[in-house]
Amino acid sequence: MYRWGVCPVVKFAQAEAILTFPAQVWEPYVVMSKAMGLPPSGTIYSMYLCNIIRDEDGNCQRFRFHFTDHRFPEIRSTEENFMRLFVDMEDLTVPLIKAMSQCLVALESGDERLATQHLRAVKDHAASTYKAFSYWLQDKHI
């Protein structure tokens with residue numbers, strides 16, 4: 001994703017309804033977005049999930065780009081925590097969705113015992129997902 005500025009902190013700038021990109025930035029971005037099958041706009045995928053630097057184990061270490069100027073550390077910290085919320089939710093919902101799918105497949109095949117096992121896994125994955133979600137919504141992270 002191309003970057004040409006930071007999110008404004010000034011109230012006047014935040015009131016802008018439309019941001020205009022220079023043609024030198026916008027035109028290549030549209031071509032790249034179409035080639036990747038993405039809309040030519042910032043998406044959760046392009047703004048957060050493609051912005052992660054992960055360690056060897058796949059854990060989020062930091063983000064390549066920040067959208068808030070470094071002169072506003074409190075706002076920047078909130079931004080980073082918000083990005084981590086999305087990353088954690090994306091990572092944690094994969095096993096949850098897999099367990100839900102396996103439960104449905106087991107039910108369709110008539111194997112209620114296996115469906116019950118998968119349903120227990122759904123419960124466990126949902127609990128850890130909600131716990132992580134609640135963690136990032138605490139006042140100390142906002």
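In the predicted model, R84 is a buried residue, with a relative accessible area of 16%, and it forms a salt bridge with E80 in which the closest N and O atoms are 3.5 Å apart. Both R84 and E80 belong to helix 4, where they are 4 residues apart, or about one turn of the helix. E80 has a relative accessibility of 21% and therefore counts as partly exposed, because the term buried is kept for values under 20%. Both R84 and E80 are also found among the residues in contact with F63, together with Y48, N51, I52, M83 and V87, when the neighbours of F63 within four places in sequence are left aside.

F63 in turn is part of the largest nonpolar core, a set of 7 residues that consists of Y48, I52, C60, F63, F67, M83 and V87. The elements that contribute two or more residues to this core are strand 2, which covers residues 60-63, and helix 4, which covers residues 73-108. The contacts of F63 include Y48, I52, M83 and V87, and these four residues are themselves listed as members of the core.

The surroundings of this core can be placed within the chain as a whole. The protein contains 5 helices and 2 strands, and from the N terminus on, its elements follow the order α-α-α-β-β-α-α. Of its 142 residues, 25% count as buried. The accessible surface comes to about 10,300 Å², and carbon and sulfur atoms account for 61% of this area. Among the contacts between residues at least 6 apart in sequence, 45% join residues that are at least 24 apart.

Charged side chains were considered next. Side chains of opposite charge can pair when their charged atoms come close. The count of salt bridges in the model comes to 3. In addition to the pair within helix 4 formed by R84 and E80, a salt bridge is formed by D91 and R54, with the closest N and O atoms 3.1 Å apart. D91 lies in helix 4 whereas R54 lies in strand 1 (residues 52-54), so this pair ties together parts of the chain that are 37 residues apart in sequence. D91 is partly exposed, with a relative accessible area of 34%, and R54 is likewise partly exposed, with a relative accessible area of 34%. A further salt bridge joins the side chains of K123 and D124, with a distance of 3.8 Å from N to O. K123 counts as exposed at 59% relative accessibility, while D124, at 47%, counts as partly exposed.

Helix 5, which spans residues 112-136, was then examined along its length. This helix has 25 residues and reaches 36 Å from its first C-alpha to its last, which is close to the 36 Å expected at 1.5 Å a residue. Within helix 5, the residues A115, H118, V122, A126, T129, A132 and W136 are buried, and what covers these buried residues includes helix 4. T129 illustrates this arrangement: with a relative accessibility of 6%, T129 counts as buried, and, when residues up to four places away in sequence are not counted, T129 touches M89, L92, T93 and L96. H125 also lies in helix 5, but this residue is partly exposed, with a relative accessible area of 26%. On the same basis of counting, which leaves out residues up to four places away in sequence, H125 touches P95, L96 and A99. L96 thus appears among the contacts of T129 and among those of H125. In sequence, H125 and L96 are 29 residues apart, yet their C-alpha atoms are 5.2 Å apart in space.

Toward the end of the chain, a nonpolar patch of about 280 Å² is found on the surface, made by F133, L137 and I142. I142 belongs to the segment after helix 5, and at 57% relative accessibility this residue counts as exposed.

Definitions and conventions. Residues are numbered from 1 along each chain as its sequence is written. This is a predicted model: local features need pLDDT of at least 70, side-chain atom pairs count only at pLDDT 80 or more; totals for chains, interfaces and linings use all residues. Side-chain values use heavy atoms; hydrogens and water are left out. Buried means under 20% relative accessible area, exposed over 50%, partly exposed in between (1.4 Å probe, protein chains only). Contact means heavy atoms within 4.5 Å. A nonpolar core is a set of buried Ala, Val, Leu, Ile, Met, Phe, Trp, Tyr and Cys residues joined through side-chain atoms within 4.5 Å. A salt bridge is a side-chain nitrogen of Lys or Arg within 4 Å of a carboxyl oxygen of Asp or Glu. Patches are made of residues with over 30% relative accessible area and no salt bridge: like charges are joined within 9 Å, nonpolar side chains (Val, Leu, Ile, Met, Phe, Trp, Tyr) within 5 Å. Accessible areas come from the Shrake-Rupley method with a 1.4 Å probe; for residues, only the protein chains shown count as cover. The expected span of a helix is 1.5 Å times one less than its number of residues.
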